[in-house]
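Visitor: I'm new to this one. Could you pick a single part and take me through it slowly, then show me how it fits with the rest?

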Amino acid sequence: FEVRAEEDLTRAGMQDALTWFRTAAVDAEVALIFYAGHAVQVGSENFLIGTDLSEVSVPSLQSSSVTLSDLLAATEGLGAELTMVVLDACRDNPFAETGLGRAGLSPVSGGAGTLVAYATGPGNVAADGVGANSTFTAARLEHIETPALDVRLMFGRVRQDVVRASVGQQIPWVEEAVLGEHYLVSAPAALDPDD
């Protein structure tokens, strides 16, 4: 994998990272965007907030965020066999207190070959966890390097771990239109026709 890791980005920084992604991921086998941070749902759009948010207002939110639609648009037409957008971003929404937004994130769907994974179900709030990572990311890291495990099964195992760890309070959610099987580490050994 070719990886670009960024932290504490402004809106302009996030847009720059998406521009890089659009070039680097052309014809990739797997194209993956992972976002961990604060995101809110206002209207029917999910805003991934940059570090330049200056106040809790819709104009400030729009000028300091990229949207989940922006991320999905960055994945379109790349020619990747599998495109994944993973969001560890369903936190309390300060805009809900003003009546401008709702808790959690709203579901979206991508085109064929796309998987969108959320730390928790639509309209719900995810836990931050107790260590360096959230409950969702800790579970994902536990399974992401498992050999011969299709990505859909991997996220199923992540869901089980998070539900268990949160005593049913947090249920990760996946929207997908994945074609075929995809392995992040290695594919299973070919079956022996004599077996």
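Guide: One word to settle before we start: contact means heavy atoms within 4.5 Å. This is a predicted model, where local features need pLDDT of at least 70 and side-chain atom pairs count only at pLDDT 80 or more, while totals for chains, interfaces and linings use all residues. Residues are numbered from 1 along each chain as its sequence is written, and side-chain values use heavy atoms, with hydrogens and water left out.

Let's zoom in on Val85. You'll find Val85 in strand β4; helices (H or I, at least four residues) and strands (E, at least two) are DSSP runs, numbered from the N terminus. Val85 counts as buried because its relative accessible area is 0%. The cut-offs are these: buried is under 20% relative accessible area, exposed is over 50%, and partly exposed lies in between, with a 1.4 Å probe and protein chains only.

So who surrounds it? Setting aside neighbours within four places in sequence, Val85 is in contact with Ile33, Leu68, Leu71, Leu72, Thr75, Leu115, Val116 and Ala117. Take Ile33: 52 residues separate Ile33 from Val85 in sequence, yet their C-alpha atoms sit 4.8 Å apart in space. That kind of pairing fits the wider picture, since among contacts between residues at least 6 apart in sequence, 65% join residues at least 24 apart.

Strand β4 (82-90) also helps build the largest nonpolar core, along with α1 (11-24), β1 (30-42), α3 (68-75) and β6 (114-118), each giving two or more residues. A nonpolar core here is a set of buried Ala, Val, Leu, Ile, Met, Phe, Trp, Tyr and Cys residues joined through side-chain atoms within 4.5 Å. This core has 23 residues, and Leu48, Leu68, Leu71 and Leu87 touch the most other members. Leaving out residues up to four places away in sequence, the list for Leu48 includes Met14, Tyr35, Leu68, Leu71 and Leu87. There is also a second, separate core of 18 residues, with Ala119, Ala126, Phe136 and Val151 among them.

Next door to Leu48 in the numbering is Phe47, found in strand β2 (residues 45-49). Phe47 is buried too, at 9% relative accessible area. Beyond four places in sequence, its contacts include His38, Ala39, Val40 and Val66. By C-alpha atoms, Phe47 and Arg157 are separated by 27 Å, with their places 110 residues apart along the chain.

Arg157 brings us to His143, in helix α4 (residues 135-143). These two are 14 residues apart in sequence and 7.3 Å apart, C-alpha to C-alpha. His143 touches Arg157, and also Leu149, Met154, Val158 and Asp161, not counting residues up to four places away. With 12% relative accessibility, His143 counts as buried.

Now step back. The protein has 5 helices and 7 strands, running α-β-β-α-β-α-β-β-β-α-α-β along the sequence. Buried residues make up 43% of the 195. Along the principal axes, the C-alpha atoms fill a box of roughly 65 × 40 × 30 Å.
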